[in-house]
Amino acid sequence: MSRFGLFAWLIFAVLLGCGSAHAEKRVALVIGNSAYKSVPRLSNPVNDAALVGGMLKKAGFDAVDVRQDLSAAEMRKALREFGGKSRDADVAVVYYAGHGMEVDGNNYLIPTDAVLETDTDVYDEAFPLDRVLVSVESAKQLRLVILDACRDNPFAKTMRRTVASRAIGRGLAKVEPTSPNTMIAFAAKAGSTASDGDAKNSPFATALVDRLPAPGLDLRKAFGFVRDDVLKNTGNKQEPYVYGSLGGDDVPLVPAKPIAAPGPQANPQDSLRRDYELALQAGNRDAWEAFLQAYPDGFYAGLARAQLKNVAAEEARAAAAAKARQAEDDKARLAAERANKAEQEKAAAAAKAAEDARLAAEKAKQIEEAKAAAAEQRRKEAEAAAAKALAEKQAAERARADLVAKQAAEKLAAESTAKQAAEKDGAEQASETRSAAETQKVAALAAPPTSSLSAAELAKSVQSELRRVGCLTSSADGEWNAVSQRSLTQFNKYAGTKFDVKLAGVDTLDALKAKQGRVCPLVCEHGFKADGDTCTKITCRAGYRVNDNNECEKVQDKKPVATRDDSKPRDDERKKVEAAPSKPQATGQIYCDTRGCRPVRQGCRVDIAIGQYGHREICN
């Protein structure tokens, strides 16, 4: 084999190794339980499992394990074995079709030998969904669990309840995966049941096989298409649902086929650099000699020679080390055979010389390695500089192209603006000429509209129409006064007309009759609100009144305020009483005689030392 052929073979081997290193490892476990021993048989799960398993195999999965009608022990073993396969996998998928149920918010998958006589038997005879999630949690990129287990649960009808408060739900319960990059797909939304359909496979399994294997299609979008297909095929009675979240990048179940993207023409140096890197990965004399035979000149040839020297130094070091080991062996052999002293000294000298040679070779190797590292560093710097120059050149070309496009767009916009302006000026001039001609024609031929109505009748008709369109509130009396003029002003404002408000004309009457409904808005007084074409009084409930904004507001209770009474009337009354003559009053004296004692009468007094008792009553 020639050196060039050896180099080509080396390139092929390296490319083959690199291609296998970047391939994803994808594994899947598919379970279909139909033959239940304690409840009627399900027709579709076994068929669905075979269909989905075939789809995954065609999609290029590395390992697809399809199991049917598993007992509890068999399901436990299958999950344990699949957990071992998924430890070094990038993508792990579990598909389960069969019976499942929800107890106290937790979901369980039911094997074929389950009896479930009581609600507590679920914990012993069924498998919690968390156990399935454990079997896929080691996958590096995607963990996908698909459950077609939302069927109507026949075990719930015969199961005895040990605790009345224990909830057994319809379908499966909502889940929230705690591990990242984990998705759980239900055949039907949480709390609802799925249909097996009338065909060989369920609507959910059929949609999965149609949508999931599309190359490059993100799983979230694929399951969206699955949802649409199932809703359509079941008359909107069954809605699949997906729980969990993925990152921002697309995560397809089947990678997209590589497509050669159009780009700039290949640089001749790219193949040279690629061959150099392949020889660098091989790192032996044959690879570097093959590279130099293919590329004897140039920058990379110098780097290859430096690497070849490094390989030669390594070979010399290895040879010196082997020779030193051989000398040590000879020395030990001679000592063992009790050779004479001269032979031992000769062997020792040879061993020392060999060790010195090994050390020298080691030192030479280190020097060559340093030179090779420096050459490699220069290569990387040169490639970085070339890449930078190429990027700057491309950026300059893009900037130049953007500038040319911008200038062309600006020029085109300026030409378009100038053209539109010229067309507008021409149109305005033509319009002005045509308008002047029409005005002259109208002035010469048209006569003002006439009417057989008198001025009062015309005014009354205009007033009646103004009342009809809601612009006049007073009665139509035929007098064209300030109120009528204001109402016509309002009509001009809201109808967009410009009639002369000082007189009622035939044109005004015709324009009013052309209006079908109210033109002027209804304006109500304070305390009233508009209700169609009438104003109705605003009524507030007890304790509320109408405020200035025509809204009901609560009446605030007024607190009593202490005020000082006006003292002037009281003083005048007191002075009047004091100025009036005093009325006769009793003196407070007591008069006694033979009949007894009594108060002195009004207007009388007692005169002392006169009479039998020494006093008497004297009256004026």
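Buried, as I use the word in these entries, means a relative accessible area under 20%, and exposed means over 50%, with partly exposed in between. Phenylalanine 291, at a relative accessible area of 0%, is therefore buried. The model I am reading is a predicted one.

**Entry: the chain overall**

I began with the totals, and found 16 helices and 17 strands in the protein chain. Of its 620 residues, 33% are buried. The protein chain exposes about 39,000 Å², and I noted that carbon and sulfur atoms supply 52% of that area. Among contacts with a separation of 6 or more, 61% are between residues 24 or more positions apart.

**Entry: aromatic rings**

I then returned to phenylalanine 291, and looked up the aromatic pairs, of which the structure holds 10. The ring centres of phenylalanine 291 and tyrosine 295 lie 5.0 Å apart with their planes at 45°, so I entered this pair as tilted. Tyrosine 295 has 24% relative accessibility and so counts as partly exposed, whereas phenylalanine 291 is buried. For phenylalanine 299 and tyrosine 300 the centres are 5.6 Å apart and the planes stand at 80°, which means that the pair is edge-to-face. Here phenylalanine 299 is partly exposed at 41%, while tyrosine 300 is buried at 7%. These four residues belong to one aromatic cluster, which also takes in Tyr276 and Trp288.

**Entry: nonpolar cores**

I looked next at the largest nonpolar core, which has 80 residues, and listed Leu56, Leu144, Ile146, Leu212 and Phe223 as those with the most contacts inside it. Strand S3 gives the largest share of this core, seven residues. Another core, of 16 residues, lies apart from it and includes Val462, Cys471, Phe491 and Ala504.

For leucine 144 I set aside the neighbours within four places in sequence, and found contacts with Ala92, Val93, Val94, Met183, Leu219, Phe223 and Leu253.

In helix H7, residues 203–211, I marked Pro203, Phe204, Ala205, Ala207, Leu208 and Val209 as buried. The buried residues of H7 pack against helices H2 (45–58) and H8 (219–233), and also against strands S3 (91–97), S7 (142–148) and S8 (182–186).

**Entry: glutamate 102**

Last, I located glutamate 102 in strand S4, residues 100–103. With a relative accessible area of 11%, against a cut-off of 20%, glutamate 102 counts as buried. A polar atom of its side chain lies 2.6 Å from the backbone nitrogen of glycine 105. I also noted that glutamate 102 and alanine 190, although 88 residues apart in sequence, are 9.8 Å apart in space from C-alpha to C-alpha.

Terms used: Residues numbered from 1 in each chain as written. Predicted model: local features only at pLDDT ≥ 70, side-chain atom pairs only at ≥ 80, totals over all residues. Heavy atoms only, no water. Helix = DSSP H or I, 4+ residues; strand = E, 2+ residues; numbered from the N terminus. Buried < 20%, exposed > 50% of the residue type's maximum accessible area, 1.4 Å probe, protein only. Polar contact = N/O pair within 3.5 Å; in protein donor to acceptor, adjacent residues only side chain to side chain. Contact = heavy atoms within 4.5 Å. Core = buried A, V, L, I, M, F, W, Y, C linked by side-chain atoms within 4.5 Å. Areas by Shrake-Rupley, 256 points an atom, 1.4 Å probe, with all protein chains shown as cover. Phe/Tyr/Trp six-rings, centres within 6.5 Å; stacked < 30°, edge-to-face > 60°.
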